[in-house]
Amino acid sequence: MQRDEKKNEVLSLYDLYSRRVLKFIFTLTKDYHTAEDLTHETFIKVYNSYGQLKNKDKVESWIFRIAHNITMDYMRRKKFNIFEHYSHQYREKEANNTLESAIMINESFQELYEALGKLKPSYREVVILRKIEGMSTKETCEILGWSESKVKSTLLRALKALQQELSKGEWVYE
């Protein structure tokens, strides 16, 4: 593949998927600048690995798998609980009355993310991919490297655990 052709194809993929990848990474890290950096790192890896993509029909799940791996590597290096970090930042901004400059999040959205933060990482990931990002079971399997049965059973357990967390705050899960 010619270098310019590869560059144009990856730029097209960037145009198609970068916003969703950014949103996915931001949901995991709760830091916009980090999410931007990791999104760019994702597409650099997409560019460098583009020749290894065997099935062009699965490009979306391939990109999200790369984004997932890069984000998990980052989080292992940083060793912090992303949701605790986010909750702390949110409370700090609220205390300083600079909420207008922060991302506007309604109360129920905040409760949902706090409840998600209390789940174990595998539960959190499967809920984000399946229910927030709207990925199919098959796409989630490819991104997480799990079997279909593991995705389904983990999602069921995760939703049950999420419902229990939300009910502690008297918020009803639907």
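**Phe-24 and the two sides of helix 2**

Phe-24 is buried, with a relative accessible area of 1%, and since the model is a predicted one, this value, like those that follow, is computed from predicted coordinates. With buried defined as under 20% relative accessible area, Phe-24 clearly qualifies at 1%. The residue belongs to helix 1. Leaving aside residues up to four places away in sequence, the contacts of Phe-24 are with Phe-64, Ala-67, His-68, Ile-128, Leu-129 and Glu-133. For the pair Phe-24 and Phe-64, a separation of 40 residues in sequence goes with a C-alpha to C-alpha distance of 8.5 Å.

Helix 2 offers a helpful second view of the packing. This helix runs over residues 32-49, 18 residues in total, and spans 25 Å between its first and last C-alpha, close to the expected 26 Å. Its buried residues are Thr-34, Ala-35, Leu-38, Thr-39, Thr-42, Phe-43, Val-46 and Ser-49. These residues lie on the same side of helix 2, because they cover an arc of only 165° around the axis. Their packing partners are helix 1 (3-29) and helix 3 (59-78).

On the face turned away from this buried side, helix 2 carries the exposed residues His-33, Asp-37, Ile-44 and Asn-48. The N-terminal end of helix 2 is capped by Asp-31, where a side-chain oxygen lies 3.1 Å from the backbone nitrogen of His-33.

Technical notes. Residues numbered from 1 in each chain as written. Predicted model: local features only at pLDDT ≥ 70, side-chain atom pairs only at ≥ 80, totals over all residues. Heavy atoms only, no water. Helix = DSSP H or I, 4+ residues; strand = E, 2+ residues; numbered from the N terminus. Expected span 1.5 Å × (residues − 1). Buried < 20%, exposed > 50% of the residue type's maximum accessible area, 1.4 Å probe, protein only. Arc of directions from axis to C-beta. Contact = heavy atoms within 4.5 Å. Polar contact = N/O pair within 3.5 Å; in protein donor to acceptor, adjacent residues only side chain to side chain.
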